[in-house]
Amino acid sequence: MGWAFYNVPCSDTNTSLHPFSLAKGLVTSGRNTCTPYHSSTVKIPFVAILRTNLHQEMNYFPDEVIEHIFDSIASHRDRNSISLVSKSWHKIERCCRRRVFIGNCYAISPERLIGRFPCLKSLTLKGKPHFADFNLVPHEWGGFVHPWIDALARARVGLEELRLKRMVVSDESLELLSRSFANFKSLVLVSCEGFTTDGLASIAANCRHLRELDLQENEIDDHRGQWLNCFPDSCTTLTSLNFACLKGETNLSALERLVARSPSLKSLKVNRAVPLDALTRLMSCAPQLVDLGVGSYENEPDTESFAKLLAAIKKCTSLRSLSGFSEVAPLCLTAFYPICQNLTYLNLSYAAEIHGNHLVKFIQFCKRLQRLWILDSIGDKGLEVVASACKELQELRVFPSDLHDEEDNNAAVTEVGLVAISAGCRKLHSILYFCKQMTNAALITVAKNCPNFIRFRLCILEPNKPDHVTSQSLDEGFGAVVQACKGLRRLSVSGLLTDKVFLYIGMYAEQLEMLSIAFAGDTDKGMLYVLNGCKKLRKLEIRDSPFGNAALLADVDKYETMRSLWMSSCDVTLGGCKRLARDAPWLNVEIINENEDNGMERNEEDEREKVDRLYLYRTVVGTRNDAPSCVTIL
Amino acid sequence: KSCVALQLKKPKESQMSPEEELQSNVSVASSSPTSNGISRNASGGLKEHNYLGLSDCSSVGSSTLSGLVEDDKATISLKATELTLGLPGSRSPARDTDLNLLSPAKLDEKPFFPLLPSKDEICSSSQKNIASGNKRGFSDTMDQFSEAKSSVYTEKNWMFPEAAATQSVIKKEVTQNIPKGQSSTTNNSSSPPAAKAQIVGWPPVRSYRKNTLATTCKNSDEVDGRPGSGALFVKVSMDGAPYLRKVDLRSYTNYGELSSALEKMFTTFTLGQCGSNGAAGKDMLSETKLKDLLNGKDYVLTYEDKDGDWMLVGDVPWEMFIDVCKKLKIMKGCDAIGLAAAPRAMEKSKMRA
């Protein structure tokens, strides 16, 4: 059983049967000392509920009251735990469940989802495996959202929010979505593909109560149409509009009119087709903005334009979050100085044009920064400045800037920058760091400085690179990280690594949920250490590492506790995969080949043949029927 | 820890760590994951030779260069005219004499690189025949380059098999390095910069981000007068390869660069099966792969143009090529019979056997 976090708001009634009195009763049964009549979270173990038979007492309450209590529980896991307490709680919980998160769209079917949660309002779905982000999964692999929208529409679910990640979305799906749910409010698409601006036009035109349209890093075919014009004049409820990933031109006047009639607009992220003067006008009519994504302006602005921009920015006193700048003359960044000390989130990871002094000067004034996404052109020196200026920093992502160039990038970051950050930013809990070199000593220092990491992702650009000072593997460095960071939930390792690092991970990373491995390990033992040790492991993805059938098959039941396993360019063979599929019928074991010529025949040949890409996941609905020919489901 | 297949084929191969290589002046580049995984044993291996008037070819970085030199001797058969990637005329005449100097003994070593045919000695005459193959257009293009340059590129092409198919980088700087013959730029303390067309999915950066940044960079190049309009990714498939790669045609300026990049990419892929620091866990390559490598099939580089026809790469000037090329494919020579030059190339290699 889990813990429940009750968000118990202030109450103005005091009857003993009031749900919040009940909560108070639970609280004072000795588990904690928070008073429930504040808006605070109190921690109540369900075990306590059972032990004190309170749940039975609670059952004397009408269902509505119990629902009311449950409603205050937001976390999916806690909701899942509640539903396991008893049959009656299961029934109550499922009927009042509003938000459902499905980490793998093939683990369950839309029909079963709707059957269990008929009152669903918000659905989050994830499709393709994570490595699809890096071109390791063929485009046609799957992850289609259409069947979901179709089923939800037919069942007349009152869907209000749909959040998709790595799924294939078509214009037809968007059209169907826009017409089927009268109260639809929020569409968030991350790393999706398959649709065009025509689909966006349907959403704009038909969703009368649309509040949020957030498109993050999608591949959208831009028909350069007039989708922005499709928002009716009556649409005034927008709170968030993000179309930064659109590549085509934008109808500026339509955009300006839309923003002008959206007084609740808090988040606006435009694409690069929105030039400086348009941005100025937009900000002038939306000074309430909290989150701004800037377009592009290649040329240095003239004095007058700059002055206007500056004036508009000064009025945006609520601005906390800034991103975009994909093609921006560095001078334009200086226009944001007036508000930079308010910023809590700064994403300059697409701002390839801004480096050196401009960048560092700006960041050093962002004293309240909590999240920073930056390119490695900032350099170690720049990171040292960040470390001394941004004491509130919690999340840092440093992306590689030189992906296509062969030049030796002297400005890139090394272990020096990472150590500096760890020393200066003690609140850091989440890091993604691409660098060209690393040492064990640095990692050990980082672990000591920041034991609070929950996400630690280090990518040394050159695979198999050892500690550049000692030439040893980086086992000890990563070992130190997992040992010190007791709350670590996500880890990506890189560099030269032997089985030993996995021994450490298995031993110490007790909270680890997601592990990404590339070009690491020596033998099957490595993978076994992880599978045996990491009890909370949900997602394991491995590429180019020498793990084979012995590791894959050692503990088949483990996969039932996990969402998925990905192995590419490893040593598992077709025979091993077939055996696994036989032993675990509740798994979908997929073999993926991209080369259409070889496709199936190659797989059927030889069981000793190594499998190029293996993706397996638990499912309650068996084999999917939408797999392309390059995918074989065993 | 080495890939067994490697050992079988290349007993003499220098399989050193980058540091060792630097010190030993052996020219084998070492930056690829596969090669590291294959973990070299320190071995004497190849000695430097100075074909191009280079005084010193010692580091990993210019190892590509020195590698060429070294490997060239051992891999004389690389003699490209089997020219797997179909770039005729890339052999400068100056190389012929050098090739003859190579002792047959070294040629016993079989190439890893599947693109390379089995080791045959190439005599200058046959080489010239091939060089005078049908791709007049291409040789026109190649003529632009200095001999040194073209030699560098071609040699680099053939270096891989000997060099345990590393991901050594072909840097533009290498061409400048030639005259100096220094192992300067690529200091081994930092990793050699990544090759442009590398392992699929590495570094792990979302394609959206890659494409966006690429476009940004290209756009800023417009000042140079280049018709930059963003990256131009085309798929590259190879017979026998389980998955495709993509390359950005705009990141190359000539056929030589493309050819080298593709070789690196597919060599790495082939040896990628050996994985990382494979110790005991590392098995031999599957039998089929081993056979392939041993037989040394001929491969040619072809492309699909706007009309959907498959053409042999190299016939048209580079700028035109990137304009019309929709897809690339590395085909077996025998499959490419309908296209120009390929049969000839095969004939020539048979003759030499």
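# Notebook: a look through chains A and B

**Entry 1, the annotated span.** I began with the record: UniProt, in an unreviewed entry, places the feature "domain: COI1 F-box" at residues 61-98 of chain A. I kept in mind that this is a predicted model. I then looked up the geometry of residues 61-98 of chain A, and found 71% helix and 0% strand. The C-alpha atoms at the two ends of that span lie 21 Å apart.

**Entry 2, cysteines.** Next I asked how many disulfides a search of the whole structure finds. The count is 0 over all chains. I picked Cys95(A) to see why it has no bond. Its closest cysteine sulfur belongs to Cys119(A), and at 5.9 Å that is too far for a bond, because a disulfide needs the two sulfur atoms within 2.5 Å. I also checked the cover: Cys95(A) is partly exposed at 28% relative accessible area, whereas Cys630(A) counts as buried at 4%.

**Entry 3, positive phi in chain A.** I went looking for backbone oddities and noted two residues. Arg166(A) is not a glycine, yet its phi is positive, near 55°. I placed Arg166(A) in the loop that runs between β5 (161-165) and α9 (171-180) of chain A. Is Arg166(A) buried or exposed? Its relative accessibility is 9%, so Arg166(A) counts as buried.

Asp544(A) went on the page too, with a positive phi of about 50° although it is not a glycine. I found Asp544(A) in the loop between β21 (539-543) and α23 (549-553) of chain A. Asp544(A) is buried, with a relative accessible area of 6%.

**Entry 4, chain B overall.** I turned to chain B and counted 14 helices and 5 strands. Of its 353 residues, 64% are buried. About 11700 Å² of chain B is exposed, and carbon and sulfur atoms supply 53% of that area. I also looked at contacts in chain B between residues at least 6 apart in sequence: 74% of them join residues at least 24 apart.

**Entry 5, a cis peptide.** Where in chain B does a cis peptide bond sit? I found one joining Trp202(B) and Pro203(B), with omega about -5°. Pro203(B) has its place in the loop between α9 (172-180) and α10 (207-220) of chain B.

**Entry 6, strand β3 of chain B.** I saved this strand for the end. How many of the 6 residues of β3 (residues 299-304) of chain B are buried? The answer is 6 of the 6, so the strand is largely enclosed by the rest of the structure.

I reminded myself that side chains in a regular strand alternate between the two faces of the sheet. I therefore read β3(B) face by face. One side carries Tyr299(B), Leu301(B) and Tyr303(B). The other side has Val300(B), Thr302(B) and Glu304(B), and both faces are covered.

For the partners, I noted that β3(B) pairs with β5 (residues 327-332) of chain B in the antiparallel sense over 6 bridges. Within that pairing, Tyr299(B) has Lys332(B) as its bridge partner. β3(B) also pairs with β4 (residues 310-312) of chain B, again antiparallel, over 3 bridges. Here Tyr303(B) is bridged to Met311(B).

My last note concerns the turn. β3(B) and β4(B) form a hairpin with 5 residues between them. Gly308(B) sits in that turn, and its phi is positive at about 85°.

Key
Residues are numbered from 1 along each chain as its sequence is written. Chains are lettered from A and ligands numbered from 1 in the order in which they are written. This is a predicted model: local features need pLDDT of at least 70, side-chain atom pairs count only at pLDDT 80 or more; totals for chains, interfaces and linings use all residues. Side-chain values use heavy atoms; hydrogens and water are left out. Buried means under 20% relative accessible area, exposed over 50%, partly exposed in between (1.4 Å probe, protein chains only). Contact means heavy atoms within 4.5 Å. Accessible areas come from the Shrake-Rupley method with a 1.4 Å probe; for residues, only the protein chains shown count as cover. Two strands pair if DSSP finds at least two bridges between them. UniProt positions are given in the numbering used here, feature names are shortened, and annotations may be inferred rather than shown by experiment.
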